[in-house]
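Morning, everyone. Please bring up the model and keep the sequence beside it. I have two topics.

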Amino acid sequence: MTSPRQRLKSWQDQRSASARQTWRATDALRRGLVLGVAMVVGGALLHRLAPVLLGAPLLVSSVLALLRPLGGRPTIRARPLPRTVESGQRARLLVDVEPGDGAELVAIRLPSPDRSGIGPVHVVPATARVLVTRMHWDAWGEHADLRPDHLVAGPDGLWAYGPVVGDEARRAVLPVVRPLPPGLLPPRAAGLVGAHRSRRPGDGIELRNIRAYQPGDRLRGVDWRATLRSGSRAESGADVLNTLFVRERHAEADADVIIAMDTRVDVDVDLAGWAQGLPGFVRPGGSLATSVDAATALAASYLRQGDRVGFVDLGRPQFGLRPGAGRRQLLRLRHRLLVCARNAGWAPRPVLRAEQVPPGAVVVVLSPFLDDAVVQQTMLAARRGSLVLAVDVLPGPLLPDPDSRWGSVVAKVISGEHDIRLAALRGRGVPVVSWVDGAEVVALLRRAAAPGRRPVGRR
Amino acid sequence: MTAPETAPDRTVELGAGWPGWVPRVVLLLAGFGAATALLGNGVTGIALVFIFLFALVMPLVPATPSAAILIGAVAIAVTAGPGPALRPEVLIEIPLLHLVHVTAALSALVPLNAVIQPAALWPPVRRFLVVQAVTFAVAGVSAALPTGRNTTVVELAGLIASTGLVILAIRVVVRRR
């Protein structure tokens with residue numbers, strides 16, 4: 001139930017909105033008419049030429065504006081652009097302008113080639129029918145990048161149509177992909193092909209062992225040189241006469257990578273801003289932006305070499321993505337990262353269930369590790385037998401709140417607790433690295449791929 | 001997909017242009033010029049301070065009646081000033097007050113951070129020059145006319161014309177509101 005005051009306000013808003021949707025005289029026209037007539041008539045009555053000459057230009061320009069026929073309804077139509085674009089992509093935007101009769105200039109808000117966002121107001125002559133501008137998208141996320149608010153003005157700005165608020169166009173800008181140097185992953189013999197050497201024997205290239213022939217071995221696997229050498233040893237007295245030797249090779253397998261991202265918090269180095277709202281889609285240089293960078297880089301690298309990559313949102317498990325391979329999986333993942341970043345927000349319990357992680361998969365947990373729950377989930381995943389890698393995305397060093405007398409103490413407490421959590425992870429055998437450019441993560445995974453070795457994180 | 005062909009002169013490439021504060025700077029200069037010209041008209045003291053203050057404030061709030069107040073104050077000061085009607089102070093104020101009026105009208109519509117294509121301002125500039133030419137032609141004609149007492153018929157015609165002008169202006173202002 002709306003109050004009479006609200007209804008009156010609504011009525012006033014509707015009335016002013018409808019007034020903007022037609023040609024109207026501006027205050028300047030009234031000023032020109034009133035002052036012009038007053039000065040000319042006053043001068044005539046007083047028999048003084050000076051006010052007549054001072055008022056004549058105002059009166060003449062106002063009369064010229066009144067005589068100008070104005071009509072039609074100005075229309076602005078932006079030609080469509082793709083709804084999803086790549087970060088760093090550029091495009092040409094064409095806007096059709098129909099300013100109506102008698103218009104002299106058009107003020108329209110359009111993106112500018114040298115600025116991001118919906119751009120400034122451009123003032124162009126009303127003779128223009130097509131406006132051309134260049135758009136570029138640098139920051140990933142979902143942004144409103146076009147809202148052609150416009151105002152059409154008559155002669156000398158004495159008449160105006162608008163301002164009219166344009167239809168907002170939103171676009172999804174996919175996160176940029178910065179591929180890492182591909183590294184080896186612990187293999188999982190789920191598939192028959194892959195880029196990683198498995199510990200199991202198979203049909204790969206790399207030599208695993210030379211052993212005595214067993215029923216079932218292929219004849220082409222026989223190592224004739226080793227067999228002949230063994231024969232010569234037989235002449236010297238050994239009892240392995242007439243035994244064939246075969247070359248046993250490693251199997252080649254693909255691997256699963258599960259990227260688990262903590263979207264519950266998005267923090268940067270400035271502690272004072274942690275409790276404030278986000279200025280944009282995500283905080284520039286914040287933990288979520290770093291996590292998305294890391295996730296796309298890792299996914300792109302491993303998908304490129306044929307591995308399967310899955311995704312888990314620790315805060316919202318419904319946004320998870322099953323492991324998959326190929327370029328489409330990378331595209332799916334980037335779209336999913338957008339969805340997760342849009343819905344990012346605090347959730348008290350991070351979720352990393354066993355059924356989200358295939359057996360033998362590598363789990364990369366991207367988190368600022370600001371609470372114990374995410375540490376427990378990471379440890380739990382490691383206890384289930386997966387190789388878990390914790391990537392700390394907390395930017396640092398943290399800057400204390402200058403307006404609070406406890407600012408430096410708070411910063412020390414948060415940093416101290418954070419260090420304790422990372423130490424606890426390392427103590428449970430979970431390697432911890434910070435995300436700088438991904439090289440450290442790749443090196444760790446490469447060490448992990450070596451047979452019989454466990455990775456050791458940065459201490 | 002290619003865009004349909006459009007006449008080149010009707011296609012405007014956005015980008016470089018004048019900043020949106022240019023009309024306001026012109027407004028400031030015109031207002032200060034109009035106020036400074038009053039120094040030669042014998043205006044001093046609080047009245048001059050008042051006019052300079054409005055000249056300073058006007059570019060900040062061009063959509064307010066500040067421009068009307070400045071124009072009115074300057075016109076009254078000039079009318080009340082001593083000397084012939086076509087003295088230099090009056091001839092300087094004619095384009096300056098018109099410039100104040102036009103730039104205040106444009107500044108009220110153009111945001112400070114706008115990008116102005118110079119071609120958009122060409123029609124107002126052209127109209128300004130034409131109106132000024134007409135006004136100075138009238139001033140020239142009036143300077144050539146003999147001065148002295150008008151006949152009753154001329155006075156009456158002037159009175160009727162003035163009344164008609166006032167009624168017409170009131171009708172236009174009230175109807176367009």
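**Helix 7 and the chain contact**

Start just past helix 7 of chain A: A:Gly385 follows it, with a positive phi near 110°. Keep in mind that this is a predicted model, where local features need pLDDT of at least 70, side-chain atom pairs count only at pLDDT 80 or more, and totals for chains, interfaces and linings use all residues. Residues are numbered from 1 along each chain as its sequence is written, and chains are lettered from A and ligands numbered from 1 in the order written.

Helices here are DSSP runs of H or I, at least four residues; strands are E runs of at least two; both are numbered from the N terminus.

Which residues of helix 7 of chain A are buried? A:Val374, A:Val375, A:Gln377, A:Thr378, A:Ala381 and A:Ala382. Buried means 20 or more other C-beta atoms within 10 Å of the residue's own, exposed 12 or fewer, partly exposed in between, with C-beta atoms placed from the backbone. These buried residues fall within an arc of 160° down the axis, so they line one face. The arc uses directions from the helix axis to the C-beta atoms. On the other side, A:Asp372 and A:Arg383 are exposed. The buried residues pack against strand 17 (362-367), strand 18 (387-392) and helix 8 (407-427) of chain A. Contact means C-beta atoms, placed from the backbone, within 7 Å.

Now the two chains. The contact takes 57 residues from chain A and 56 from chain B. Helix 5 of chain B gives the most to its side, with 12 residues.

Definitions and conventions. Contact = placed C-beta atoms within 7 Å.
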